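Me: I would like to go through the labels used for this structure and ask what stands behind each one. Please show it.

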Amino acid sequence: MITTKKRLLLILLGAICASAQTGSEILERVDINTVVTSSHYDATMKISLGGTIREKRFTGYAVGKSHAYMEFTYPARDKGTRFLKIEDEMWIYMPSIEKATKIAGHMLRQSMMGSDFSYDDILENEKLTSLYDIELIGTDTLDGRPCFVLQLQAKVPEVNYYSRKLWVDKEMCVSVKVELFAKSGKLLKEVSISEFKRIDGYTFPTLIRMVNKLRKDTYTELSLEEVELDIETPHRIFTRAYLERK
Amino acid sequence: MKLLNIAWRNVFRHTRRTIITAAAISVGLSSMIFMNTMMNGADKMASRNIIDFETSHLEVFARDYYREEGVFPLDTIIENPKYVNDRIEAIPGIKGVTPRVKFQASISNGIDELPVLGMGIDIENDRRIFETGNSVVAGRFLKNSGDVLIGTDLANDMSLEVGSYITIITKDRNGTYNALDLEVAGLLNTGHPLFDRNMAIIPIAEAQELLALEGGVTEICIRAIDEETLGPLKEKVSDEIGAQYEVFTWKELNAAIFEISGFKRAGQFMIGLVVVIIAAVGIINTMLMAVMERIPEIGTLKAMGFSNSRIVRMFIYEGGIIGALGSALGCLIGMLISIYLVQVGLDFSGLFENVDIVYPMKFIIKGEIDYVNMLYVFLFGIIVSVMVTLWPVRKATKLEPVDALRHV
């Protein structure tokens with residue numbers, strides 16, 4: 001939970017939503033709170049499908065929104081499977097194939113490791129404010145906490161989701177729920193973030209739940225532990241050579 | 001003529017031996033005919049499925065659209081299909097033209113999501129050149145916007161029936177997710193696995209809207225009046241519409257399948273060879289026995305003054321007569337089996353139920369008779385029979401008549 005001291009710090013940094021007037025101002029402050037320069041974490045992915053829950057674990061590194069590296073450590077079947085993302089390209093390395101494969105085209109729509117996340121969802125790295133027209137459409141209460149509700153409408157053609165609806169926690173100034181829509185207006189996915197950790201002035205999401213609305217009885221819960229932020233990440237991690245290392 | 005007469009009488013003097021030998025030949029030959037009928041039938045069905053459902057005779061794409069099979073890009077499309085369509089229709093020898101839009105998608109029944117190939121078709125024109133419209137086994141063909149046709153196998157996989165609602169999800173030309181709710185208007189049973197298992201067919205206008213194609217299409221399919229002269233027709237179409245488009249024949253587009261087919265031909269040849277060897281060994285065996293037990297007879301003939309060449313010729317006639325009898329019987333049996341295969345077919349579906357097969361047909365194979373091949377098989381039976389008689393007879397004629405007479 002957020003301590004008084006840290007909240008004070010937050011106020012000093014100015015990244016609180018209360019003073020924001022427009023949707024884009026709110027989003028910019030959300031970015032200040034959540035976009036970290038670099039991070040390292042251990043993640044547990046709980047994939048629930050029709051009542052059964054499968055657990056997968058991986059270690060992740062990220063620099064900004066553009067570079068990411070993931071390596072699965074559990075279960076044995078997926079151990080050693082690695083992903084590398086550089087800007088808007090992504091590769092997968094599977095120990096059984098011993099070669100990195102680029103994930104492109106219609107493969108990007110597909111589920112990542114059987115979860116509710118698609119590769120597209122992982123690849124997203126552009127600032128929402130540069131892709132969408134943002135409108136503050138009202139306020140709402142989620143789990144007893146007051147939120148702003150933002151409506152995002154694509155202003156450029158090249159976006160994954162044509163429109164989004166965002167719930168931003170007024171006090172923490174972070175997005176706590178996102179609905180992702182197809183061009184036709186159909187709700188495709190729902191993301192909710194229910195736990196955050198205050199680290200070094202950031203409000204870092206640590207429990208993310210993704211629901212693919214086109215399937216029934218399914219969700220994927222991603223919980224991040226051992227989070228370290230603004231660390232020195234060796235550059236060699238984000239290379240094909242490191243991805244394909246033995 | 002006299003020799004032939006003697007040979008004829010000899011053949012029917014040993015009725016049992018003749019029957020056994022002829023039967024051995026006929027078994028070998030009828031299996032060769034059976035193999036040939038099946039393989040021809042399989043190839044013909046595959047070709048029909050491709051032409052009647054998938055590509056028709058010729059397909060036009062925007063240049064650089066067609067990279068490899070199974071890839072359906074949206075960045076190089078035919079932006080002005082009306083223009084291309086009209087120019088092609090004006091060419092003589094064309095039976096029909098229809099545009100199509102193919103795209104990678106998934107469908108969801110609210111419980112599961114499965115990848116499919118989406119296809120937008122021109123409701124009016126598509127029926128004129130494809131059999132899709134005649135393969136609706138439940139419900140009806142596309143009529144309204146919001147209709148979708150799916151295959152019976154896909155319907156089973158996703159527990160769908162006529163009237164069920166599904167959602168089709170894809171990414172449009174810009175990479176933006178788009179989804180449509182559709183009602184299953186009809187179920188298809190085409191015999192083409194791609195269509196029965198993996199396809200969702202919608203009206204073309206909706207596909208264009210879904211994919212933000214602004215009136216563009218991914219391909220234009222052409223049906224020719226004469227199936228045999230596609231090469232010249234392809235040139236004509238290509239000249240007419242210009243270099244920004246590419247034209248392919250259905251064979252070129254399915255090169256991979258016909259490579260399999262060629263590979264299969266090699267396999268068929270190997271199996272055929274084994275069958276031939278077995279048949280030949282059977283013929284050699286019985287013929288050899290027939291000659292061996294008649295060595296004393298050869299001695300007698302020599303003692304009576306028969307020249308070696310006349311004895312050899314007589315045995316050649318005998319071999320030929322038995323060979324002809326066996327071949328005729330074999331061809332008759334082979335033909336009866338083939339007629340059954342053409343009428344009824346063989347059902348392999350149980351064998352391949354859960355196997356994904358790229359070959360475009362279902363596994364109820366109907367045969368296709370090749371009479372030229374049957375003639376070859378007939379001649380083959382006679383030649384082998386004659387050839388295998390030669391060696392033992394020549395050996396026997398080299399013996400002294402006395403030794404030959406004593407031979408047991």
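Me: Why does A:Glu226 count as buried or exposed, whichever it is?

Reply: This is a predicted model, in which local features need pLDDT of at least 70, side-chain atom pairs count only at pLDDT 80 or more, and totals for chains, interfaces and linings use all residues. Residues are numbered from 1 along each chain as its sequence is written, chains are lettered from A and ligands numbered from 1 in the order in which they are written, and side-chain values use heavy atoms, with hydrogens and water left out. Buried means under 20% relative accessible area, exposed over 50%, and partly exposed in between (1.4 Å probe, protein chains only). A:Glu226 has 58% relative accessibility, so A:Glu226 counts as exposed.

Me: What is the phi of A:Glu226, and where does A:Glu226 lie?

Reply: Phi is near 50°, a positive value in a residue other than glycine. A:Glu226 lies in strand S13 (residues 218-229) of chain A; strands (E, at least two residues) and helices (H or I, at least four) are DSSP runs, numbered from the N terminus.

Me: Why is A:Met113 put in its accessibility class?

Reply: A:Met113 has 13% relative accessibility and therefore counts as buried. Its phi is also positive, about 55°, although A:Met113 is not a glycine. The residue sits in the loop between S6 and H3 of chain A.

Me: Why does B:Pro392 count as buried or exposed?

Reply: The relative accessibility of B:Pro392 is 4%, so this residue counts as buried. B:Pro392 belongs to helix H13 (residues 371-397) of chain B. Leaving out residues up to four places away in sequence, B:Pro392 touches B:Leu288 and B:Val291, where contact means heavy atoms within 4.5 Å. The C-alpha atoms of B:Pro392 and B:Leu288 are 6.6 Å apart, with their positions 104 residues apart along the chain.

Me: Which peptide bond is cis?

Reply: The bond from A:Tyr74 to A:Pro75 is cis, with omega near -5°. A:Pro75 is in the loop between strand S3 (67-74) and strand S4 (82-86) of chain A.

Me: What makes up the interface of chain A and chain B?

Reply: 20 residues of chain A are in contact with 22 residues of chain B. The area buried between the two chains is about 1700 Å², 49% of it from carbon and sulfur atoms; buried area is the accessible area (1.4 Å probe) that two parts lose on being put together, summed over both. On the chain A side, A:Arg109, A:Lys183 and A:Leu214 lose the most area to chain B, together 37% of what that side buries.
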